[in-house]
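Here is a short tour of one protein model, written to be read with the structure open beside you. Please have a look at the fold, and then follow along.

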Amino acid sequence: MACAVVLPSCAMQCRRALCKRWLHLSGRKSMASSAHLHIPPMLSKPRQRRRQFHWTTGYRSRDVEFTHVRYNVQRLGFAAITTEDMAFFNDLLPGSVVTDPDILEASNVDWLRTMRGCSQLLLRPRITEEVSQILRYCNSRNLAVNPQGGNTGLVGGSVPVFDEIIVSTVQMDNIISFNSNSGVLTCQAGCILENLNNYLEEQDFIMPLDLASKGSCHIGGNVATNAGGLRLLRYGSLRGTVLGLEVVVTALRRSWIYSRNPKACWVKFSLRLSSWITVAERLFASTLNYKTHCKALWALRERITEALVRDGFVYKYDISLPLERFYEIVIDMRNRLGVRAKRVVGYGHLGDGNLHLNVVSPAFDQQLLDSIEPYLYEWIAQHYGSISAEHGLGFKKKNCIYFSKPKEAVDLMQQMKAILDPKGILNPYKTLPSFTRSTH
Ligand code: MLT
Ligand code: ZN
């Protein structure tokens with residue numbers, strides 16, 4: 001296997017009916033008569049309104065400790081890049097092969113500034129065929145690959161651990177089609193979530209997910225991790241809205257329904273969307289400037305993550321618990337850590353029982369980490385929760401998988417990975433545990 005790219009589609013139920021009702025009440029023409037098949041020119045780009053996060057107080061990527069040092073990881077036996085490899089990539093992707101250390105620095109470090117790889121090569125393909133060729137070549141040469149979208153992941157899944165070649169979807173940011181009758185959007189994996197939403201809002205549609213990182217995250221990463229986010233309760237899980245995926249596997253292009261990292265690298269997605277303005281929203285919008293108030297309120301919630309990162313080193317946990325226990329662990333952890341933690345906070349997505357427990361200390365502190373783990377995971381398992389609700393396992397949580405999954409399920413995942421990626425070149429050191437549990 002090499003890598004895959006897909007088109008997820010999102011299906012929203014009932015919204016069309018509500019819209020029709022409002023249209024009837026408001027005297028507007030029916031949706032049927034106003035709807036049109038809108039197919040933008042192939043490879044059209046959504047408007048760019050990227051929201052960037054700016055670091056303060058002289059932060060430099062080079063200050064972050066290398067992942068393999070901090071976590072004591074041994075490099076697996078992948079090949080090293082040769083002059084011939086460089087010649088191949090330059091020929092395949094003229095102008096899209098990056099070796100400049102200053103540019104690579106940003107792609108080697110995660111958003112939380114807790115992980116750092118040492119990749120020396122960043123590739124920026126534009127189309128599926130190029131991804132396919134990259135993966136076919138890397139597979140034949142035994143070169144490890146790290147697919148990367150917006151690099152907003154919070155579990156170390158999006159940055160290399162060693163010198164894996166970074167294959168970025170940043171130039172795969174085209175909307176292929178949108179049909180306002182079916183609500184189906186087809187786009188490439190590198191489209192930024194907020195850009196897609198802006199594009200759809202102009203047509204009274206909405207993306208079925210909303211995340212704090214929407215200004216940077218790519219839809220490919222959202223689908224690969226089945227991201228939850230702020231609209232989950234209303235529109236359901238993202239996987240339910242994905243209609244199809246175009247996937248490159250061992251240099252073959254396939255259509256998939258759904259998959260997760262690291263078996264595939266999403267290239268293109270089809271999503272079914274819903275008309276977003278309900279009757280209530282229309283009424284509020286006209287009288288109370290409801291949308292502006294909502295946006296201001298949500299902006300506060302969406303900036304918690306950023307605020308915490310400015311506060312110090314963040315130990316980030318993304319867990320699910322029965323609602324009756326939802327906040328208990330925050331209090332428990334505060335008592336347990338005492339003054340050793342600068343801050344212990346809990347926020348999340350109450351609707352789906354997803355709690356983000358965050359501990360902050362002035363700098364990385366191994367002893368503090370040892371006080372949190374495995375205590376936290378044992379607590380979660382004891383209360384029938386899950387160690388990963390939304391962010392995935394990535395690098396940081398991979399060895400905790402057995403707290404939430406039985407050995408049989410993990411074995412099955414490992415077998416699937418081996419079928420799709422027999423050499424294990426795709427996003428190594430991530431998601432699946434580095435050891436196999438022998439018994440229950
Ligand atoms: C959120 O809910 O804001 C995101 O998942 C990020 C975070 O957990 O901090
Ligand atoms: Zn969240």
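R343 stands opposite V360 in β14. That pairing belongs to the ladder between β13 and strand β14 (residues 354-361), where seven bridges join the two strands and the direction is antiparallel. Do keep in mind as you read that this is a predicted model.

The two strands are part of an open sheet of three strands, ordered β12-β14-β13, with antiparallel pairing. At its edges stand β12 (313-320) and β13 (343-349); each has a single partner strand, so one side of each is left without a neighbour in the sheet. From one strand to the next, the twist averages 20 degrees. Helix α12 (residues 304-311) packs on this sheet and touches β12, β13 and β14, and its direction makes about 20 degrees with that of β14.

Now for the ligand. Which residues are found around ligand 1? They are A212, T305, D318, H356 and E390. Sorted by class, this shell has one nonpolar, two polar and two charged residues. It is worth tracing some of these back to the sheet: α12 covers residues 304-311, a range that takes in T305. Likewise, D318 falls within β12 (313-320), and H356 falls within β14 (residues 354-361).

Let us move on to another sheet. This one is open and has four strands in the order β1-β2-β4-β3, with mixed pairing. Here β1 (97-98) and β3 (145-148) are the edge strands, each with a single partner strand, so one side of each is left without a neighbour in the sheet. Strand β4 (residues 165-168) runs parallel to β3, and four bridges join them. Within this pair, N146 stands opposite I166 in β4. Helix α6 (residues 128-141) lies across β2 (122-123), β3 and β4, and runs at about 165 degrees to β4.

A hairpin comes next. Strand β5 (residues 175-179) and strand β6 (residues 184-188) run antiparallel and are joined by four bridges. I175 stands opposite C187 in β6. Four residues lie between the strands of this hairpin, and G183 takes a positive phi near 70 degrees.

Here are the strand ladders described above, side by side.

| Strands | Bridges | Direction | Facing residues |
|---|---|---|---|
| β13 and β14 | seven bridges | antiparallel | R343 and V360 |
| β3 and β4 | four bridges | parallel | N146 and I166 |
| β5 and β6 | four bridges | antiparallel | I175 and C187 |

Some backbone details also deserve a look. Phi of N72 is near 50 degrees, a positive value in a residue other than glycine. N72 is found in the loop between α3 (67-70) and α4 (83-92). N427 is not a glycine either, and has a positive phi of about 45 degrees. Its place is in the segment after α16 (407-420).

Are these two asparagines buried or exposed? N72 counts as exposed because it has 7 C-beta neighbours inside 10 Å, and the cut-off for exposed is 12 or fewer. N427 counts as buried because it has 29 C-beta neighbours inside 10 Å, where 20 or more are needed.

One last stop is a peptide bond. The bond from E373 to P374 is cis, with omega near 0 degrees. P374 sits in the loop between α14 (366-372) and α15 (375-382).

Methods:
Residues numbered from 1 in each chain as written. Chains lettered and ligands numbered in written order. Predicted model: local features only at pLDDT ≥ 70, side-chain atom pairs only at ≥ 80, totals over all residues. Near = placed C-beta within 6 Å. Nonpolar A, V, L, I, M, F, W, Y, C, P; charged D, E, K, R; others polar. Pairing = 2+ DSSP bridges. Contact = placed C-beta atoms within 7 Å. Axes fitted to C-alpha atoms, helices over the stretch in contact; angles between N-to-C directions.
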